[in-house]
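Q: I'm new to reading protein models and would love a close look at one part of this one. Could you pick a single residue, show me what surrounds it, and then work outwards from there?

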Amino acid sequence: MIAVAEIAVPAYVVEHRGAEGYVFAQVNAAAVELWTGRGDAITWPGSLSEAFPEDIAQRIAGSYDLCLRTARTLERDSTVPTPRGDMTIRTTLYPLAKGPDGWPSILGIVTDVTEERRIRDELEQSNARLSLAMEALGGAHWFYDAVRRTFDLGPSFSRLLGARYLPVMSMAEWLDVVHPDDRDDTCFIDLLNGRVAQRTEEFRIVDALGEVRWLRCFRRAVHNGPLVSGIAGVVIDITAEKDREDRLVEQTLTDPLTGLANRRGLEQVLSAAIADAKALTLLMIDVDQFKAYNDSYGHVAGDAVLRRVGSAIDGVMSPLGGLVARYGGEEFVAVVPGLGFTEADRVAGEVLRAVSDLRDPHAASQHGVVTISAGCVTRVAGEPGLDLLTVADAALYRAKSDGRNCFRWARLQGDRCASRTPLRSSAA
């Protein structure tokens, strides 16, 4: 027979004595103190039915029966009434060989987990409330364990990731979800080494359907003493917000009549292209005798012509990676980064032909159809970034003076321009 009194932790031996049921054969002082809260009270109920109400006693007896029947160690948590009040205990049951009396017996090692269970229940309730709040906000919560180096993702992540959702992810698995261009933004180094206590980042993830979602992530370091033990975070799905921002930006950079870029959009592209110091071609374009067209056909028809002219110009420039903008009124500007003079001369002719081929009647024009004139300038790589718009506009003036429906070239010469002396005169 095992000597329970020599075991330092709370322990007991229970025997199954036939019709008597389970009877406590041995109980050490540590178990009695745990049960009563008094070290001097060496009393214990004799049988299982005396120790607990009938329903609890039956449940515990079922665990004992399973332990003996399977001859395997079992661990059970249960909340039971004691002289000290309700207590949650964790009991590890070990089946023993039959003693001298031949009764089947079990060794039980007992641990009080009441406080642990209370904290766990509170945590589960808090997580449930947090998950509900995250669902309402379109977000989710997570925790990065710095020791295990894993992400524990809240259940709300299933909505964000779909089939890619795993409750626990390694760093590599998580980064596989993040958009390749944003993986540096999800680095935790500054938080883990204590340089910062919290950070907010925005980055993209790719869900199970391949759709890109924008997340705003709030992160805070969690300390265990002086060491950072992990990082807690909350993410909010801001995809709709980003879409609205993109639409607003697009609206501020787009001409509402033609759908092309407006002057602000042109300035952004042109500034970047000039700063790049590579070859660049710019065309300043004007619809010929447009005031007369409006006087003859009305402003509604004039607006329709501007849309068709803009579309025709864009049809030539877009395949080349160029931008077409409505500069104002009947004026358009086309910018093509990387386009040198020889190729640009051919493209300028194609632009004029694309518009005249629309065959929009224009009774006030000597050509009988709507046409355009253009002033062109090409800056070769390494030349200074002068005011290309002014240079091209001077060339446009020459094209209009030379009879319209043609284009004229201006050339940059060092820090001066020869805008009124074309390198080449071309007509559509």
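A: Let's start at valine 309 in this predicted model. Setting aside neighbours up to four places away in sequence, valine 309 is in contact with Val287, Phe332, Val355, Leu358, Val370 and Ile372. Try finding each of these on the structure, and you will see how residues from separate places along the chain gather around valine 309.

Now step back a little. Valine 309 belongs to the largest nonpolar core, a group of 32 residues. Together with Ile313 and Met317, Val309 is among those with the most contacts inside that core. Several elements give two or more residues to this core: the helices are α10 (290-297), α11 (299-317) and α12 (341-356), and the strands are β12 (280-287), β14 (331-337), β15 (372-379) and β16 (406-413). There is also a second, separate core of 23 residues, which includes Ala140, Trp174, Leu215 and Ala221.

Two of the helices from the largest core deserve a closer look. In general, a pair of packed helices is described by the angle between their axes and by the distance between those axes. For α11 and α12, the angle is about 145° and the axes are 9 Å apart. The crossing of α11 past α12 is right-handed. Which residues in α11 and α12 meet? On the α11 side they are Val309, Ala312, Ile313, Val316 and Met317, and on the α12 side Val347, Glu350, Val351, Ala354 and Val355. Our starting residue, Val309, is one of those in α11, and Val355, one of its contacts, is among those in α12.

Charged side chains give you something else to look for. Side chains of opposite charge can pair when their charged atoms come close. The structure holds 23 salt bridges, and arginine 148 takes part in two you can find easily. One joins arginine 148 to aspartate 145, with 3.2 Å between the closest N and O atoms. The other joins arginine 148 to aspartate 152, at 2.9 Å from N to O. Is aspartate 145 buried or exposed? Aspartate 145 counts as buried because its relative accessibility is 17%, under the cut-off of 20%. Arginine 148 has 45% relative accessibility, so this residue counts as partly exposed. Aspartate 152, at 26%, is also classed as partly exposed.

Another salt bridge links arginine 213 with aspartate 237, whose closest N and O atoms are 2.7 Å apart. Arginine 213 sits in strand β10 (residues 212-224) and aspartate 237 in strand β11 (residues 227-237), so this pair ties together parts that are 24 residues apart in sequence. With 22% relative accessibility, arginine 213 counts as partly exposed. Salt bridges can also form a network, as they do among Glu202, Arg216, Glu241, Lys242 and Glu245.

Finally, how far can you trust the picture? The chain has a mean pLDDT of 85, and 89% of its residues reach 70 or more. Residues 413-428, however, have a pLDDT below 50, although this stretch has 39 contacts in the model beyond near neighbours in sequence. Where pLDDT is low, the predicted coordinates should not be read in detail.

Methods: Residues numbered from 1 in each chain as written. Predicted model: local features only at pLDDT ≥ 70, side-chain atom pairs only at ≥ 80, totals over all residues. Heavy atoms only, no water. Core = buried A, V, L, I, M, F, W, Y, C linked by side-chain atoms within 4.5 Å. Buried < 20%, exposed > 50% of the residue type's maximum accessible area, 1.4 Å probe, protein only. Helix = DSSP H or I, 4+ residues; strand = E, 2+ residues; numbered from the N terminus. Contact = heavy atoms within 4.5 Å. pLDDT = per-residue confidence, 0-100. Salt bridge = Lys/Arg side-chain N within 4 Å of Asp/Glu carboxyl O. Axes fitted to C-alpha atoms, helices over the stretch in contact; angles between N-to-C directions. Left-handed = near helix turned anticlockwise from the far one by under 90°.
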